[in-house]
Amino acid sequence: MSDSDSKRDPEPRARRSNRPPGRGYEVGVAPASAPVPTRRSPPEPDRLRRIARGPVLLAIDAEVERRFGDDGRERVVALLPDAHADELRRGRPSALEAHDIDAVRIYLEIASRVLGIDAATFQDFGRVAVDRELAPFVKTLVLPGSLPDVLRRCVTIVSRFLSFGVWTVVKSTPELGTIRVEDVGVLSPLLRSWYLGVIEGIVRRSVSPDAVVVDTSSVDAGPSVLEIEIELDTPPSRLSGSPVSSHPGS
């Protein structure tokens, strides 16, 4: 063997590679320094957020358009912060999409200021919504029934329009009822009025057309408590169409 042949190594024991180390090209070899993925904070789950379900803003926005026309609605939407206005600028809000409670509050405040809508009118908004945008969600509540039965079902269904608040029927007779809602400190006065109207609309449809619903919250209870009193001016037995006995003493 010549000296040149002895210096030629046909298959070196260890090959040098130009590949950068730690890439894991060799089978079964873990990368020397795997890249650390960037951890992003997960979106805040709905259970931790204060939100109003889609039907709330949908019903309010639709009623603004019905009463004040497209121009009136556009005056409100034009003043909304961009973070809250994108969906409304594309059209009606979706009943399936929840909204931060602050977005609803801002909408109501702008509508009140620009269009002159007061608390009594927002309560009327809630009443008429029962037969319109809220109808699919409250259809079991507007069936004829006694006040105690309607209020019991009402707190179960209507409370779902918000992701927060603890609803309790604290008084329930055939002529008078009281609902107490706790942990609603972020609920604006105008949205509280709208809720009064929703409950009033339900009770007028199911129990008595003369039902009156008022906010009886006391200052001592604090801003996080809403107390709703429901009173029937006309007892159910005297409603039009109800059977009334003609026999004395019966």
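Which helices and strands are included in what covers the buried residues of H7? This is a predicted model, and a look around H7 gives the answer.

## Helix H7 and its cover

H7 takes in residues 147–158. Its twelve residues, at 1.5 Å each, should span 16 Å, and the C-alpha atoms at the two ends sit 15 Å apart, so the expected and modelled lengths agree.

The buried residues here are Leu 147, Val 150, Leu 151, Arg 153, Cys 154, Val 155, Ile 157 and Val 158. As for what covers them, the list includes two helices, H6 (135–138) and H8 (189–206), along with strands E3 (166–172), E4 (176–182) and E6 (225–232).

## Glu 63 in helix H2

Over to H2, which runs through residues 54–77. Glu 63 belongs to this helix. Its relative accessibility is just 3%, so Glu 63 counts as buried, the cut-off being under 20%.

Who does Glu 63 touch, once neighbours within four places in sequence are set aside? Its contacts are Phe 125, Val 128 and Arg 132.

## Glu 65 in helix H2

Glu 65 lies in H2 too. With a relative accessible area of 21%, Glu 65 is partly exposed, because buried would need a value under 20%.

Skipping neighbours within four places in sequence again, Glu 65 is in contact with Asp 70, Arg 73 and Arg 92. Take Arg 92: it is 27 residues from Glu 65 along the sequence, and the C-alpha to C-alpha distance between the two is 9.8 Å.

Note on methods:
Residues numbered from 1 in each chain as written. Predicted model: local features only at pLDDT ≥ 70, side-chain atom pairs only at ≥ 80, totals over all residues. Heavy atoms only, no water. Helix = DSSP H or I, 4+ residues; strand = E, 2+ residues; numbered from the N terminus. Expected span 1.5 Å × (residues − 1). Buried < 20%, exposed > 50% of the residue type's maximum accessible area, 1.4 Å probe, protein only. Contact = heavy atoms within 4.5 Å.
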